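Got the viewer open? Then let's take a walk through this structure, one selection at a time.

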Amino acid sequence: MRPSTNIAAVAAAITLCILIASCQSRAPASGPDRSALSTMERVAVGANSCWFKSGDAAFSAYRLAPELNSFSGRPRILVVHKNSPEGRPLLVVQAEGDPARIQAFGPMMSEPVSTRIASDVTRWSGGGKTCR
């Protein structure tokens, strides 16, 4: 091969590499994973530490029942009566999709604590770790 052919081949290879690199997708913006499961894991950790383990009076009669391994694609947490965990949930917080869409419903969402539940869940789902 002649030297000019080698230079042309190297130049073509470099150009090809540059074109391939420019077509690569950009790295996602930093921040928490927005999938339903990751979002509900953050919410479950926040609820457990801030509502239950902290001894918060608003939640002292209840306990957390996480159901994160959902075959329906809707991981969720339940808040149930402490003394009858098999009973009907008083609060359901679930997420679906990527990015996650969160829903909170149940009898507790008709009580004064509902505003706090909504703000806590919103903060935790967005990556916040603090209690109110």
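Begin with the whole chain and its contacts. Among those with a separation of 6 or more, 42% are between residues 24 or more positions apart. Keep in mind as you look around that this is a predicted model.

Now colour by secondary structure. You should find three helices and four strands. Trace them from the N terminus and the order reads α-α-β-β-β-β-α. Switch on the surface for a moment: the accessible area of the chain is about 8,600 Å², and carbon and sulfur atoms hold 58% of that. Of the 132 residues in the chain, 27% are buried.

**Stop 1: the sheet**

Select the four strands. Together they make an open sheet, ordered β1-β2-β3-β4, with antiparallel pairing. Which strands stand at the edges? They are β1 and β4 (101–105); each has a single partner strand, so one side of each has no neighbour in the sheet. Turn the sheet and follow its twist, which averages 15 degrees from one strand to the next.

Next, zoom in on β3 and β4. This antiparallel pair is joined over five bridges. To see one of the partners, pick Q94 and look across to β4, where Q103 is its bridge partner.

**Stop 2: a salt bridge by the sheet**

Show the side chains of R74 and E96. They meet in a salt bridge, with N and O 3.5 Å apart. R74 sits in the loop between β1 (62–67) and β2 (76–81), while E96 belongs to strand β3 (residues 91–96), so this pair ties together parts that are 22 residues apart in sequence. Is the pair buried or exposed? Something in between: R74 is partly exposed at a relative accessible area of 34%, and E96 is also partly exposed, at 32%.

Why would such side chains pair up at all? Opposite charges can pair when the charged atoms come close. The count for this model comes to five salt bridges, so there is another group to visit.

**Stop 3: the network around D120**

Select D56, R116, D120 and R123. Salt bridges link these four residues in a network. Centre the view on D120, which is buried, with a relative accessible area of 1%.

From D120, look to R116: their closest N and O atoms are 3.4 Å apart, forming a salt bridge. Both residues lie in helix α3 (residues 114–125), four residues apart, or about one turn of the helix.

Then look from D120 to R123. Here the side chains meet in a salt bridge with an N to O distance of 2.5 Å. These two are three residues apart in helix α3, so about one helical turn separates them. R123 is partly exposed, with a relative accessible area of 24%.

Stay with R116 a little longer. R116 is buried, and its relative accessible area is 13%; the cut-off for buried is under 20%. What does R116 touch, beyond its neighbours within four places in sequence? Its contacts there are C50, W51, D56, A58, F59 and R132. Draw a line between the C-alpha atoms of R116 and R132 and you get 8.0 Å, for residues 16 apart along the chain.

**Stop 4: S125, also in α3**

Slide along helix α3 to S125. This residue is buried, with a relative accessible area of 11%. Show what surrounds S125: leaving out residues up to four places away in sequence, it touches R34, T39, R42, V43 and I102.

**Stop 5: G46 in α2**

For the last stop, select G46, which has its place in helix α2 (residues 36–52). Is G46 buried or exposed? With a relative accessibility of 6%, G46 counts as buried. Setting aside residues up to four places away in sequence, G46 touches W51 and W124.

Finally, add V121 to the selection. G46 and V121 are 75 residues apart in sequence, yet their C-alpha atoms are 8.2 Å apart in space.

Technical notes: Residues are numbered from 1 along each chain as its sequence is written. This is a predicted model: local features need pLDDT of at least 70, side-chain atom pairs count only at pLDDT 80 or more; totals for chains, interfaces and linings use all residues. Side-chain values use heavy atoms; hydrogens and water are left out. Buried means under 20% relative accessible area, exposed over 50%, partly exposed in between (1.4 Å probe, protein chains only). Contact means heavy atoms within 4.5 Å. Accessible areas come from the Shrake-Rupley method with a 1.4 Å probe; for residues, only the protein chains shown count as cover. Two strands pair if DSSP finds at least two bridges between them. Axes are lines fitted to C-alpha atoms, for helices over the stretch in contact, and angles run from 0 to 180 degrees between N-to-C directions.
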